[in-house]
Amino acid sequence: MSKNIIYCICSYLEKQQIELKNIIKNANDIPIWANKNNIDCELITKIPSNIDDMVESIKDKWWDPPSTKNKVKFFRNIHKLKAWNTKYEVIHRFYNSNYEKMIYVDCDFLPTYHKIDFNKIYTGYYMHTRSRPLWEKMKPPISTVEKHSKQKLKYRYIAGIMYLTKDFKHNMKNIFNYDKIYKLWEIDSDFIREETSLNYILFNENIAQDVTSITKQTKFLKHIGGKTKKTEFIYNQEWKL
């Protein structure tokens with residue numbers, strides 16, 4: 001068994017699968033691509049029951065009937081909320097495993113022909129960051145975090161790609177424990193977006209200073225893009241070329 005693993009979540013609903021068929025083809029090939037690099041892979045295609053139960057149980061607190069003002073726009077797509085929060089389950093599974101290093105990747109990242117070198121992933125927790133332009137401050141991963149942590153952020157973390165080693169100084173399974181996350185959901189509905197709760201925990205608990213920012217484009221993964229690009233995307237298995 002490899003000491004390293006790649007996790008990917010691709011849990012689109014049936015009605016989305018036709019529109020995003022090439023994204024799904026790409027995701028289904030990620031385990032094959034990982035195997036070519038002699039790395040184990042887990043492709044998560046169904047929402048874990050614990051995540052499903054958490055989101056369903058908080059729904060009544062924040063959901064308003066159509067006749068009244070909707071408190072949470074994200075509840076228009078509850079499945080998306082569940083998929084986003086499955087990233088926490090990935091971290092829990094990693095710590096419950098025998099693997100030493102992991103990469104998490106969203107299913108809208110395209111594998112390339114570049115080899116994955118886990119030897120270059122040193123001890124730590126790595127994510128891309130986004131700086132804080134004026135328009136960004138209104139988004140929950142910035143504005144809600146600042147509101148509740150009482151601090152101003154210069155940047156935020158983006159959880160589309162995560163590298164994590166088990167010997168990182170913080171046990172991220174304990175840091176991202178489900179009781180803590182659920183309590184945040186009860187305080188503010190914005191925390192139900194995973195990047196909002198993730199950033200709040202990292203900055204509020206002074207862990208952000210120990211998280212490494214991925215400053216360069218990841219050579220072995222290429223982001224496909226937003227919704228329009230996803231629907232127009234044609235998968236040609238370029239990593240095999």
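Which residues of the largest nonpolar core touch the most other members? I shall open with that question, and I should say at once that the model before you is a predicted one. The core in question has 48 residues, and those with the most contacts to other members are Tyr125, Met127, Leu164, Met172, Phe176, Leu198 and Leu202. Helix α4, residues 78-95, supplies the largest share of this core, with 8 residues. A separate core of 30 residues lies apart from it, and its members include Trp33, Ile161, Leu221 and Trp239.

Let me take Tyr125 as an example. Once its neighbours within four places in sequence are set aside, Tyr125 is in contact with Ile91, Met162, Tyr163, Leu164, Phe168, Met172, Phe176, Leu198, Leu202, Val211 and Thr212. Among these partners, Leu164, Met172, Phe176, Leu198 and Leu202 also belong to the group that touches the most other core members.

I turn next to helix α4 and to a polar residue within it, Asn85. Is Asn85 buried or exposed? Its relative accessible area is 1%, and therefore Asn85 counts as buried. Where does the side chain of Asn85 reach? It comes to the backbone oxygen of Ile192, at 2.9 Å. Leaving out residues up to four places away in sequence, Asn85 touches Ile51, Trp185, Ile192 and Glu194.

Asn96 offers a second asparagine to consider. This residue is found in the loop between α4 and β3, the latter being residues 101-106. Asn96 has a relative accessibility of 56%, and the threshold for exposed is over 50%, so Asn96 counts as exposed. From Asn96 to Asp117 the separation is 21 residues in sequence and 23 Å in space, taken from C-alpha to C-alpha.

I come now to the charged residues. In general, side chains of opposite charge can pair when their charged atoms come close. How many salt bridges does the structure hold? The number is 14, and I shall describe three of them.

The first pair to discuss is Lys82 and Asp52, whose closest N and O atoms are 2.7 Å apart. This salt bridge links distant parts of the chain, since Lys82 is in helix α4 and Asp52 is in helix α3, residues 49-62, with their positions 30 residues apart. Lys82 is buried, because its relative accessibility is 8%. Asp52, at 26%, counts as partly exposed. The two residues also take part in a network of salt bridges, in which Asp52, Glu56, Lys59 and Lys82 are linked.

The next pair is Lys180 with Glu205, a salt bridge with an N to O distance of 2.8 Å. Why does this pair tie together separate parts of the sequence? Lys180 lies in helix α7, residues 178-187, whereas Glu205 lies in the loop between α8 (194-204) and β7 (212-213), so the parts that are joined stand 25 residues apart in sequence. Lys180 has a relative accessibility of 21% and counts as partly exposed. Glu205 is likewise partly exposed, at 33%.

The remaining example is Glu195 with Arg193, whose side chains meet in a salt bridge at 3.5 Å, N to O. Glu195 counts as buried at 6% relative accessibility, and Arg193 counts as buried at 16%.

To close, I would return to helix α4. This helix gives the largest share of the largest nonpolar core, holds the buried Asn85, and contains Lys82, the partner of Asp52 in helix α3.

Notes. Residues numbered from 1 in each chain as written. Predicted model: local features only at pLDDT ≥ 70, side-chain atom pairs only at ≥ 80, totals over all residues. Heavy atoms only, no water. Core = buried A, V, L, I, M, F, W, Y, C linked by side-chain atoms within 4.5 Å. Buried < 20%, exposed > 50% of the residue type's maximum accessible area, 1.4 Å probe, protein only. Helix = DSSP H or I, 4+ residues; strand = E, 2+ residues; numbered from the N terminus. Contact = heavy atoms within 4.5 Å. Salt bridge = Lys/Arg side-chain N within 4 Å of Asp/Glu carboxyl O. Polar contact = N/O pair within 3.5 Å; in protein donor to acceptor, adjacent residues only side chain to side chain.
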